[in-house]
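Here are a few notes to read alongside the model. Have the sequence and the 3D view open as you go.

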Amino acid sequence: MTSPSKKLSFEFFPTRTPEGRAKQVITRKQLRQFSPEFFSCTSGAGGSTRDGTMQTIGDILAEGTAAAPHLPCIGMTAAEIRELLDTYKEMGVRHIVALRGDIPSGMGAGTSGLRYANELVELIKNEYGSHFHIEIAAYPEYHPQARSAEDDLNHFVRKAKAGADSAITQYFYNADAYFRFLDDVRGRGVDIPIIPGIMPIASFSKLVRFSDTCGAEIPRWLRLKLQSYADDSAAIKALALDVVTEMCERLLREGAPSLHFYTLNQAGLVSTICQRLGY
Ligand code: FAD
């Protein structure tokens with residue numbers, strides 16, 4: 001089977017131990033067979049994983065793949081943000097995922113004056129021109145703190161028009177929400193690529209916990225069906241792989257520009273989905 005022409009990208013989080021770092025090298029090697037456009041690495045708000053993120057980004061670049069650090073701006077001063085961007089620029093980074101982030105409770109929000117991601121996009125665009133490809137976050141099922149769907153769409157449009165080059169969505173299991181979001185933002189004059197973020201389902205209980213906080217909906221039929229499998233992890237895995245692969249097929253067929261996988265630092269499920277898609 002020939003590989004589909006649309007590119008893929010894969011997201012990791014920074015590891016805490018030398019063993020974790022070594023394991024991630026192997027995971028990335030497995031995923032490199034799909035010729036990714038880039039690997040990205042998350043970063044804790046307030047600079048909480050700064051060293052780990054930077055180390056991971058350095059590793060990815062040394063392996064010869066384009067690397068995209070996530071940069072959550074909340075809790076950082078503008079000077080700290082510039083220092084980080086300068087360092088990334090010196091390292092050879094050309095791609096940034098620009099975010100607000102969620103400040104952990106108990107940590108101050110900092111004095112940077114940057115409160116939302118649109119302000120970070122503006123800073124990067126104004127001060128670094130076109131050096132960085134700026135990726136932003138999108139929420140087809142709306143951000144959990146949004147006052148209303150309309151409000152959230154307008155904020156997304158403002159953020160995109162501040163100078164973003166493309167967007168990656170929060171994960172979802174309802175392709176219609178993605179296509180509706182696309183129509184809504186296109187109707188508001190935003191034409192940047194909006195890349196679906198894909199979350200394979202490894203554990204039902206973890207997925208439920210995750211989805212409740214980030215505002216992603218697990219469709220009722222899928223939740224009930226997965227629930228009915230109780231501890232039968234093989235059945236959960238089989239259904240989840242079918243559901244996610246079918247959704248990816250539809251997304252690619254109906255116009256998604258590429259796919260971004262939340263790997264959770266594991267290659268297994270993601271590789272199976274990519275292979276089933278013909279990559
Ligand atoms: P924003 O776009 O700033 O929006 C945040 C909220 O504020 C929304 O409800 C929006 O409607 C509202 N809003 C936006 N602009 C304004 C405005 N000007 N005035 C009033 N209200 C406004 N988090 C991390 O900590 N680290 C990561 O590495 C990370 N990676 C992520 C990667 C992706 C692809 C995605 C989708 C999310 C990621 N997140 C990460 C989570 C993200 O940081 C949180 O969802 C956060 O709450 C919002 O970030 P944002 O950049 O979307 O914020």
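1. Start with strands E7 (residues 194-198) and E8 (residues 259-262), which pair in the parallel sense over 2 bridges. If you want a spot to click on, try Ile198: its bridge partner in E8 is Phe261. Bear in mind that this is a predicted model.

2. Next, look at what sits on that part of the sheet. Helix H9 (residues 233-253) packs there and touches both E7 and E8. The direction of H9 makes about 175° with that of E7.

3. Now zoom out. How many strands close into the barrel, and in what order? There are 8, running E1-E2-E3-E4-E5-E6-E7-E8, with parallel pairing. From one strand to the next, the twist averages 25°. As background, strands of a sheet pair through backbone hydrogen bonds, either parallel or antiparallel.

4. Over at E1 (8-12) and E2 (38-41), helix H1 lies across the two strands. H1 runs at about 170° to E1.

5. H1 (residues 18-32) also packs with helix H2 (residues 50-62), at an angle of about 40° and with the axes 11 Å apart. That angle makes H1 oblique to H2. The crossing of the two helices is right-handed.

6. Which residues meet where H1 packs with H2? On the H1 side they are Arg21, Gln24 and Arg28, and they meet Gln55, Thr56, Asp59 and Ile60 of H2. Sorted by class, this contact has 3 charged, 3 polar and 1 nonpolar residues.

Conventions
Residues numbered from 1 in each chain as written. Predicted model: local features only at pLDDT ≥ 70, side-chain atom pairs only at ≥ 80, totals over all residues. Heavy atoms only, no water. Axes fitted to C-alpha atoms, helices over the stretch in contact; angles between N-to-C directions. Helix = DSSP H or I, 4+ residues; strand = E, 2+ residues; numbered from the N terminus. Parallel < 35°, antiparallel > 145°, perpendicular 65-115°, else oblique. Left-handed = near helix turned anticlockwise from the far one by under 90°. Contact = heavy atoms within 4.5 Å. Nonpolar A, V, L, I, M, F, W, Y, C, P; charged D, E, K, R; others polar. Pairing = 2+ DSSP bridges.
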